[in-house]
Amino acid sequence: MSATDACVEVHDVHKSFSRGSEVLDVLNGLNLVVRQGEFVALMGPSGSGKTTLLNLIAGLDQPTVGSVQVQGIEISKMSEGQLAAWRTRNIGFVFQFYHLLPVLTAFRNVELPLLLLPLSSAQRRQQVTTALDIVGLSDRMWHRPGQLSGGQQQRVGIARAIVTDPTLIVADEPTGDLDAKSADEILNLLVELKNTLNKTIVMVTHDPRAAERADRVVHLDKGRLATQAPKH
Amino acid sequence: MKFLVLVVENIRRNIVRTTLTSLGTMMLVLVVTLVFTVLTSLDKVTTEKSSNIKAIVTEKWQNPSMMPISYAAGLSAGAADPTDPKAVHPQDSMTWGFFVGSTESDPTKRGFENLFFSFIMDPEKARTMFDNIDVLTDDQARVLIDGIKKMKETRNGAIIGEGRLAKLKKRIGDRITVYGRNYKDINLELEIVGTFPKEVSQYSDSSMIRRDFLETELDTYKASHNNKPHAMAEKSLSLVWLRVPDRPSFDKLTEQILTSPSFTNPAVKCETSSTAISSFLDAFRDIIWGVRWLLAPACMLVLSLVISNAISISVRERRTEFAVLKVLGFLPWQILTLVLAEAILIGTLSGLVSAGLAYGIINGVWGGLPFPIAFFPKFAVPINSLWWGAAMGATTAFVGSFFPAWSARSVRVSDVFAKVA
């Protein structure tokens with residue numbers, strides 16, 4: 001695989017957390033490359049460092065040692081402000097529990113990241129409508145989260161993640177709070193985003209059935225890469 | 001502007017909490033608005049004027065002032081030396097004595113409801129020298145002008161303010177007997193011939209009787225008491241008002257009065273009405289200081305705490321949301337601004353509404369804020385209170401919400417989502 005194909009490059013990353021006098025090593029010299037347009041599932045037991053790795057890739061946290069590059073940009077050296085601006089344009093984040101703002105309608109929730117960009121009201125409206133259209137919720141855009149089912153809320157979460165047209169979508173157990181049917185719909189949507197819009201997706205999951213939908217499953221154990229299994 | 005929807009929706013999130021916070025803010029802004037209204041009104045009446053000055057002459061060493069009536073003519077003329085061509089002569093003058101009594105004959109039943117407080121004076125001077133009546137048009141002062149006309153024809157006539165008439169359950173044309181308190185054993189049979197104009201509230205509880213009528217009563221007393229004069233007979237002049245055009249005239253007038261040998265026993269003093277009011281308010285100095293520097297700041301502190309409490313609860317409930325906003329790319333200062341904006345919006349609107357209601361109801365419905373000390377008129381809530389109220393609400397909201405907002409900006413994404421790992 002050439003370097004130009006790589007969307008995410010994690011090189012010899014260590015991450016430690018301090019709890020009082022105790023230092024907890026969560027990631028221990030981890031290396032990972034995710035290709036552009038690839039759908040990767042991260043699996044592993046609790047405490048294996050899946051979410052920590054996801055946070056590093058999404059620019060929500062910094063490695064203790066090592067480097068993280070996304071589309072050739074070294075994000076592990078960025079300041080908090082630089083990371084925030086970078087995230088808005090380059091990362092779409094999908095949460096397990098959706099984390100929509102309950103006081104806002106689906107439209108306003110999806111519009112949130114766009115408020116940080118220099119866009120006119122008409123441009124924002126256009127992008128939000130498109131994103132909601134992609135996830136099939138055009139007819140629910142003025143509903144609040146409390147008026148939507150879990151699956152629909154997650155679709156709004158995905159619309160919020162893609163509304164700025166980011167290259168990379170990171171999803172932290174996106175189906176973990178859903179029934180089987182809704183989970184399947186969400187996974188179909190993620191696959192569709194990868195296939196039709198060439199989005200790179202890194203997904204943390206405990207669910208082997210969800211992981212099956214990925215191009216590659218990466219297993220983590222005690223902060224290291226255990227196995228990488230290309231599916232096809 | 002594009003964040004306004006987010007701010008407004010967050011305020012609407014918990015209507016009960018927002019409403020309670022608003023009501024708390026409105027109550028405290030109202031208290032501070034009333035305090036400021038009184039303080040600014042007192043500042044206004046104690047500010048020295050440069051023209052159309054009213055001087056007050058009173059006894060120098062005794063309060064209440066009780067000068068002999070023999071002082072009246074000389075003081076009314078400003079103690080001007082007839083041989084001095086540069087002497088200042090007052091443009092107008094008025095003498096006051098005070099008759100305090102009750103319409104209740106039984107001393108054990110006397111109280112505020114049957115109190116009778118009256119100026120002893122030349123009735124015609126009420127039109128030209130009474131504060132705030134002297135600026136009314138003849139149409140506005142018609143009821144007083146008619147009363148004065150009847151008083152000139154009726155020696156025992158009395159003009160009584162509407163508030164006092166209501167308390168005494170009397171009306172124009174009725175007769176009353178007043179039992180003297182400061183003029184002990186002097187009981188007056190009075191006929192109510194008029195009232196003061198509605199436009200001027202400060203005389204609503206006061207009355208006015210003729211000086212010559214009281215003098216006659218004092219003479220009658222003397223005749224019926226073996227030619228022994230009443231104890232107040234030589235002390236019936238409380239103060240003399242003199243109007244001069246400007247400050248130099250006032251200074252000259254003061255010099256004339258203070259250097260005159262006619263007013264040395266008892267000695268008198270001459271001051272502007274503003275100075276006299278300041279001196280009078282000296283007795284309330286500690287209270288006014290406390291209201292200005294303790295009560296008002298305490299209200300604002302409590303207001304800050306009320307807002308701080310409400311915003312703190314809101315921030316604690318929304319830690320995950322702030323973390324989500326950070327994930328989406330919101331910077332810490334933007335989150336700080338969002339929380340501050342919510343508090344400031346509530347504070348500003350509540351302050352504005354509170355001050356607006358105070359302005360509308362107190363001025364429009366009540367005709368001003370009653371301040372029942374001395375003869376102060378009702379104090380009008382200043383139009384400036386509208387921006388005071390808004391600014392007060394905004395400032396206290398800013399102060400009260402700053403630390404909760406700082407806490408919101410400092411939310412660490414990895415801490416909030418740690419449970420997912």
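What follows is a conversation about a predicted model of two chains, A and B.

Colleague: What makes the overall form of chain A agree with a compact globule?

Modeller: With 232 residues, a compact globule would have a radius of gyration near 17 Å, and chain A has 17 Å, so the two agree. Along its principal axes the C-alpha trace of chain A spans about 45 × 40 × 40 Å. Chain A holds seven helices and ten strands, and buried residues make up 49% of its 232 residues.

Colleague: How do you know whether chain B fits the rule for a compact globule or departs from it?

Modeller: A compact globule of 421 residues would have a radius of gyration near 22 Å, but chain B has 30 Å. Chain B departs from the rule. Its C-alpha atoms fill a box of roughly 110 × 50 × 40 Å along the principal axes. Chain B has 14 helices and nine strands, with 39% of its 421 residues buried.

Colleague: How are contacts spread along the sequence in each chain?

Modeller: Among contacts between residues at least 6 apart in sequence, 79% in chain B join residues at least 24 apart. In chain A the corresponding share is 69%.

Colleague: Why is α1(A) called largely enclosed?

Modeller: A residue counts as buried if 20 or more other C-beta atoms lie within 10 Å of its own. Eight of the eight residues of α1(A) meet that test, so the helix is largely enclosed by the rest of the structure. The buried residues include K50(A), N55(A) and I57(A). After the helix comes G59(A), with a positive phi near 75°.

Colleague: What does α1(A) lie across?

Modeller: Helix α1(A) lies across β1, β2 and β4 of chain A, running at about 120° to β1(A). One of its residues, I57(A), touches V8(A), V10(A), V68(A), V70(A), V170(A) and V202(A), leaving aside residues up to four places away in sequence.

Colleague: Why is the sheet with β1(A) and β4(A) called open, and which strands are its edges?

Modeller: The sheet has four strands in the order β2-β1-β4-β5 of chain A, with antiparallel pairing. Strands β2 (22-35) and β5 (73-74) each pair on one side only, and these are the edge strands. The sheet is listed as open.

Colleague: How do you know that neighbouring strands in this sheet are paired?

Modeller: Two strands pair if DSSP finds at least two bridges between them. Strands β1(A) and β2(A) have ten bridges, and S16(A) has D25(A) as its bridge partner in β2(A). Strands β1(A) and β4(A) have five, with V10(A) opposite V68(A) in β4(A). Strands β4(A) and β5(A) have two bridges, which means that this pair also satisfies the cut-off of at least two. There V70(A) has I73(A) as its bridge partner in β5(A).

Colleague: What joins β4(A) to β5(A)?

Modeller: The two strands form a hairpin with two residues between them, and Q71(A) takes a positive phi near 55° there.

Colleague: What makes strand β6(A) covered on both faces?

Modeller: I91(A) and F93(A) lie on one side, G92(A) and V94(A) on the other, and all are buried. In a regular strand the side chains alternate between the two faces of the sheet. Strand β6(A) runs parallel to β7(A), joined by four bridges, and V94(A) has A171(A) as its bridge partner in β7(A).

Colleague: Which residues have the most contacts inside the largest nonpolar core?

Modeller: The largest nonpolar core has 117 residues, and those with the most contacts inside it are A41(A), L42(A), I57(A), A159(A), V170(A) and V202(A). The largest share of this core, 13 residues, comes from helix α12 (residues 332-365) of chain B. A second, separate core of 51 residues includes V57(B), F130(B), L190(B) and A276(B).

Colleague: What makes up the contact between the chains?

Modeller: The contact takes 22 residues from chain A and 20 residues from chain B. On the side of chain A, α1 (50-57) and α2 (80-90) each supply at least two residues, and α2(A) gives the most, with five. By class, that side has eleven nonpolar, seven polar and four charged residues.

Note on methods:
Residues numbered from 1 in each chain as written. Chains lettered and ligands numbered in written order. Predicted model: local features only at pLDDT ≥ 70, side-chain atom pairs only at ≥ 80, totals over all residues. Contact = placed C-beta atoms within 7 Å. Nonpolar A, V, L, I, M, F, W, Y, C, P; charged D, E, K, R; others polar. Axes fitted to C-alpha atoms, helices over the stretch in contact; angles between N-to-C directions. Core = buried A, V, L, I, M, F, W, Y, C linked by C-beta atoms within 7 Å. Buried ≥ 20, exposed ≤ 12 C-beta atoms within 10 Å, placed from the backbone. Rg over C-alpha atoms; globule rule 2.2 N^0.38 Å.
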